[in-house]
There are 2 protein chains.
Amino acid sequence: MDTEREYDVLSVDCPSRMILNRIGDRWTLLIIVALSREVLRFSQLRARVGGATPKVLTQTLRALERDGLVSREVFPVVPPRVEYRLTELGRSLLEPIAAVKKWAETHVEEVLEARERADAMASAASEAMSSASSSMARPRAGVLG
Amino acid sequence: MDTEREYDVLSVDCPSRMILNRIGDRWTLLIIVALSREVLRFSQLRARVGGATPKVLTQTLRALERDGLVSREVFPVVPPRVEYRLTELGRSLLEPIAAVKKWAETHVEEVLEARERADAMASAASEAMSSASSSMARPRAGVLG
DNA sequence: GCGTTCAGTATCCATTCGGGAACTATAGCG
DNA sequence: CGCTATAGTTCCCGAATGGATACTGAACGC
């Protein structure tokens, strides 16, 4: 039943936390999403995933392959042809990813609004600061990316 | 129905992709998980989330607050008391996160095994390389983290 | 006056990430 | 001979991430 208690994601040495870190990188999710629909060659993948340079693509694909989420099939032809596809394990990730993706899509607006509100408040607060009329000033929002 | 087509996560300028990046950072998920059970003060959060230094904690919390996922309540007492809790929006993220978390927990083993296999193969291949007896050598696995 | 508590800040520094661009290998085509 | 296409690899460099450590402020108890 309560298998969840076996792992504590919050602990530094929890393997499931490591997994979270792995799939939480800049490109992993995107590649998996791209491969969810179809088998793709390197250059197709590159075209599909906006902004990916060959380097990061290779790195991420190798990591994905190492972890058994993606398989890489090389056809010994010239020019080279290499196909990437999701493994069974990789495909099993699709469901949780879809949930997150869906959340992102349905809540982008709210997040963006919240962000604008916060930024507006922050700049209002800092202006109030300069006219020395505020009690309880919030710390500045900070850009953080 | 097909609202998904409105957004293409794979495109560089898709807002939902930005969200993915935001929640996919090293600490965000962990903090949200930590706050899922209870309201926590700064130092409690720090104790809960293994390895988080005050700096990263502050950064992440500010970002979370800015995006409306976490609220921050300051009690004007000394020593200071600040409570963090999930907002409604933040709580809505719990479900997709739980899905990912569950995937991580149920598939860690497989991933770890795949990784070991891959590493074993890679080192075998590189040994074969040195004795010059291999055809079709895989490129080396690369550590990548 | 001193130490303690709490929630951060500030500062410095090492490592990593990631982008850009050039380079490689190979076979077919002209 | 040189061009093209594909799947990378390599090098360089700037930016961002993140860790360690020390410091601040304000009231309370001693």
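How much area do chain A and chain B bury between them? That was my starting point today, and I kept in mind that this is a predicted model.

**Entry 1: the two chains**

I looked up the buried area and got about 5600 Å² for chain A and chain B, with 64% of it on carbon and sulfur atoms. I wrote down why area is a handy number here: the size of an interface is often given as the accessible area lost when the parts come together. Next I checked which residues of chain A lose the most area to chain B, and they are L10(A), R66(A) and W103(A). Together these three make up 15% of what that side buries. I also looked up the residue counts for the contact: 61 residues come from chain A and 61 residues from chain B.

**Entry 2: how the copies are related**

I then looked at what it takes to lay chain A over chain B. A rotation of 180 degrees does it, with 0.0 Å of shift along the axis and an RMSD of 0.1 Å. So the two copies are related as by a two-fold rotation axis. The same surface serves both copies, since 100% of the contact residues of chain A recur in chain B. I also wanted to know which residue of chain A comes closest to the rotation axis. That one is G24(A), with its C-alpha at 2.3 Å.

**Entry 3: a lysine in a helix**

I picked K101(A), which sits in helix α6 of chain A, residues 94–130. Is K101(A) buried or exposed? Its relative accessibility is 19%, and buried means under 20%, so K101(A) counts as buried. Leaving aside neighbours within four places in sequence, I found K101(A) in contact with V33(A) and with V9(B).

**Entry 4: around DNA strand D**

I moved on to the DNA and found that 18 residues surround strand D. The closest are S43(A), T58(A), R72(A), Y84(A) and K55(B). Of the atoms of strand D that come within 4 Å of the protein, sugar and phosphate account for 62%. By type, I noted nine nonpolar, two polar and seven charged residues on the surface near strand D.

Then I went through some single contacts:

- The side chain of R41(A) has an N or O atom 2.9 Å from a phosphate oxygen of strand D.
- For Y84(A), a side-chain N or O atom is 2.6 Å from a phosphate oxygen of strand D.
- P80(A) uses a polar backbone atom, 2.8 Å from a sugar or linking oxygen of strand D.

Last, I looked up which elements give two or more residues to this surface. Chain A has α3 (42–48), α4 (54–66) and β3 (81–86), and chain B has α4 (54–66).

Key
Residues numbered from 1 in each chain as written. Chains lettered and ligands numbered in written order. Predicted model: local features only at pLDDT ≥ 70, side-chain atom pairs only at ≥ 80, totals over all residues. Heavy atoms only, no water. Helix = DSSP H or I, 4+ residues; strand = E, 2+ residues; numbered from the N terminus. Buried < 20%, exposed > 50% of the residue type's maximum accessible area, 1.4 Å probe, protein only. Contact = heavy atoms within 4.5 Å. Least-squares fit on C-alpha atoms with pLDDT ≥ 70 in both. Near = heavy atom within 4 Å. Polar contact = N/O pair within 3.5 Å; in protein donor to acceptor, adjacent residues only side chain to side chain. Nonpolar A, V, L, I, M, F, W, Y, C, P; charged D, E, K, R; others polar. Buried area = accessible area lost by both parts, 1.4 Å probe.
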